[in-house]
Amino acid sequence: MSKRALARRPALLITVALGLALSTGAGLEAQERQLVGDRPDFTESTETVELGHVQLETGATFTRLPGDTEEVTVGEALLRVGLSPSWELRVGAGSFVDVSSDAGSADGLDDASLGFKVKLFAESGSIPDLALLFGSSLPTGSSELTEDEAVPEVRLAAAWTLSERLGIGANLGWARAVDGDRRYDELSWSVAAGLELEDDWAAFAELYGFSEEERGGDPTLYADAGVTRLIHFNLQLDARIGLGLVDGGGEIADWFAGVGAVVRW
């Protein structure tokens, strides 16, 4: 398949999912919870997909790296399936990644993933909403982009409601990452504030970072912000932009921007 055809894949996913969402959404609004996605920010939500429902999250991101290197990621597909009132299955498809620089270019699919999310507690008094996410990447990607080994990850997600329109979310995570043929422990954290606006718009701002993104590296830090728009009860569009603040001695993003969608049926 050509790069041009691959680049149209998110639009195809969004179009198909939009049709499904609009065709099945009528008459369900009184029965369903508000649509909550785990994109476009880094911070995962504490909400699980309802039993009997499926949610598809997809998008594309452009990243500018040091040394005039550009990276385009297309797909970012995450399928979330409600297994029970508190459990969901999470299946991530490998995205198409195209990296180009003065030194050359490479493209292919990155690794897929498989995991679960479980809701632990609902917010009550001083106790926040809590959820646990766990799973692993799968070494299914192209030879230039795969990690060659599964990378397990665990993340604790928390959320606090500050007012009718304002909320805060936070994540703390651990992954047994791979650098070449060596393993290392990678810790991650994030804090995000979300604000509901008028006419089904919402906005967020976020900080997130890693203890190291390569074995023996220094901590890294990122900031991003974006908006979402609820187009239909079962369809949400999003856009975001961000930048690297602390590079940890490596080559993190100078800046990045992306768009995407969340659909449910």
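This section describes surface charge, aromatic contacts and backbone geometry in a predicted model.

A patch of negative charge is present on the surface of the model. The patch gathers Glu147, Asp148, Asp179, Asp181, Glu213, Glu214, Asp218, Asp247 and Glu251. One of these residues, Asp247, is placed in the loop that runs between strand S13 (235-246) and strand S14 (255-264). The relative accessible area of Asp247 is 43%, and Asp247 is therefore classed as partly exposed, a class that spans the range between under 20% for buried and over 50% for exposed residues.

Aromatic side chains were examined next. The count of aromatic pairs in the model comes to 9. In the pair formed by Trp87 and Phe116, the ring centres are 6.3 Å apart and the planes meet at 75°. This geometry is edge-to-face, because the angle between the planes is over 60 degrees. Trp87 belongs to strand S3 (residues 87-92), whereas Phe116 belongs to strand S6 (residues 112-121). The pair therefore ties together parts that are 29 residues apart in sequence. Both members retain some accessibility to the probe: Trp87 is partly exposed at 34% relative accessibility, and Phe116 is likewise partly exposed, with a relative accessible area of 30%. Elsewhere, one aromatic cluster is formed by Phe42, Tyr208, Phe210 and Tyr222.

The backbone also shows several notable conformations. The peptide bond that joins Arg39 and Pro40 is cis, with omega at about 10°. Pro40 is located in the loop connecting helix H2 (9-25) with strand S1 (54-65).

Positive phi values occur at Asp68 and at Asp199, neither of which is glycine. For Asp68, phi is near 55°. Asp68 lies in the loop between S1 and strand S2 (69-82) and is partly exposed, its relative accessible area being 46%. Phi of Asp199 is likewise near 55°. The loop that contains Asp199 links strand S10 (182-196) and strand S11 (201-210). With a relative accessible area of 59%, Asp199 is exposed, since this value lies over the 50% cut-off. Asp68, at 46%, remains in the partly exposed class.

In these regions of the model, loops thus hold a residue of the negative patch, Asp247, the proline of the cis peptide bond, Pro40, and the two aspartates with positive phi, Asp68 and Asp199.

Terms used:
Residues numbered from 1 in each chain as written. Predicted model: local features only at pLDDT ≥ 70, side-chain atom pairs only at ≥ 80, totals over all residues. Heavy atoms only, no water. Patch = residues over 30% accessible without salt bridge, like charges linked within 9 Å, V, L, I, M, F, W, Y side chains within 5 Å. Areas by Shrake-Rupley, 256 points an atom, 1.4 Å probe, with all protein chains shown as cover. Salt bridge = Lys/Arg side-chain N within 4 Å of Asp/Glu carboxyl O. Lys, Arg positive; Asp, Glu negative; His and termini not counted. Charge placed at Lys NZ, Arg CZ, Asp CG, Glu CD. Helix = DSSP H or I, 4+ residues; strand = E, 2+ residues; numbered from the N terminus. Buried < 20%, exposed > 50% of the residue type's maximum accessible area, 1.4 Å probe, protein only. Phe/Tyr/Trp six-rings, centres within 6.5 Å; stacked < 30°, edge-to-face > 60°.
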